[in-house]
Amino acid sequence: MMRLLLLPKGMEQLIINAMADYQPYGFVNSISHYYGDAVRQLFASTAALMLIGAPFYSDFLRAELPFEIAGALALVALAALMNPHNKSIFVVAAIASGIGLTVFEMWALYSYHDSTWAQFVLRELISILFLAGFYFSMKTLRAFLLGKIGKHNSVGEFEKDQSHD
């Protein structure tokens, strides 16, 4: 093995062993067929974008802001409650992301001619994040319904059993 660091031999191995504990946190699926981590990240990102972008995409900020804050709080609450043992939270997450997608997409398209490009793009971006949240919520919900959470696929899973023919 080529040495990349100019450290004493024992120190280099110590650093490599210490860094092995750190795993990047992304859309890594550690539990088979469970996408709650992705939904959590998407909901938190959507809530942040809703709050940060509100001054730029709102038509009447004074009237819309309470609804945007309530929506962001609901998304963060759902994100915090995600876990691989609770099927009902994914039902609620799918409904919430479906409603959010519908509201922001309709808002983007209905006010397309009267809005700026920044308003349109922010509303579309939020809609796309809701769409991704809906997708991963439904994938996890399907796995819950089929009893696949935490179970790996097996070879020959879809082959016919010849003994019953």
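Visitor: Buried or exposed: which word fits both Phe 90 and Phe 144?

Guide: Buried, for both Phe 90 and Phe 144. The word is used because each has under 20% relative accessible area. Keep in mind that this is a predicted model.

Visitor: And how much of the chain is made up of buried residues?

Guide: They make up 33% of the 165 residues.

Visitor: What makes up the chain in terms of helices and strands?

Guide: You'll find five helices and zero strands. Going along the sequence, the pattern reads α-α-α-α-α.

Visitor: How many aromatic pairs are there?

Guide: The count comes to 11. Take Tyr 57 and Phe 104: their ring centres are 5.8 Å apart, which is within 6.5 Å, so they count as a pair.

Visitor: Why is the pair of Tyr 57 and Phe 104 called edge-to-face?

Guide: The ring planes sit at 70 degrees, and anything over 60 counts as edge-to-face, so the name fits. Tyr 57 belongs to helix 2 and Phe 104 to helix 4, so this pair ties together parts that are 47 residues apart in sequence. Both Tyr 57 and Phe 104 are buried.

Visitor: What is the pair of Phe 90 and Phe 144 called, and why?

Guide: That one is tilted: the centres are 5.8 Å apart, with 45 degrees between the planes. An angle of 45 degrees is neither under 30 nor over 60, so the pair falls into the remaining class, tilted. Phe 90 is in helix 4 and Phe 144 in helix 5, 54 residues apart.

Visitor: Which residues do ring pairs link into a cluster?

Guide: Tyr 57, Phe 104, Trp 107 and Phe 130.

Visitor: What lines the largest pocket?

Guide: Its lining includes Met 50, Leu 75, Ile 99, Phe 104 and Phe 130. The space inside is about 170 Å³. Helix 3 and helix 4 each give two or more residues to the lining, and helix 4 has the largest share, with five.

Visitor: How many residues of each class are in that lining?

Guide: Nine are nonpolar, two are polar and none are charged. Gly 71 and Gly 100 are in the lining, and they count as polar because Gly is placed in that class.

Visitor: What is unusual about the phi of His 33?

Guide: Most residues other than glycine have a negative phi. His 33 isn't a glycine, yet its phi is positive, about 65 degrees. You can spot His 33 in the loop between helix 1 and helix 2.

Notes:
Residues numbered from 1 in each chain as written. Predicted model: local features only at pLDDT ≥ 70, side-chain atom pairs only at ≥ 80, totals over all residues. Heavy atoms only, no water. Helix = DSSP H or I, 4+ residues; strand = E, 2+ residues; numbered from the N terminus. Phe/Tyr/Trp six-rings, centres within 6.5 Å; stacked < 30°, edge-to-face > 60°. Buried < 20%, exposed > 50% of the residue type's maximum accessible area, 1.4 Å probe, protein only. 1 Å grid on protein atoms, 1.4 Å probe; cavity = no way out; pocket = protein on both sides within 12 Å on 5 of 7 lines; lining within 4 Å. Points joined across faces, edges and corners; volume = space filled by probe spheres on them.
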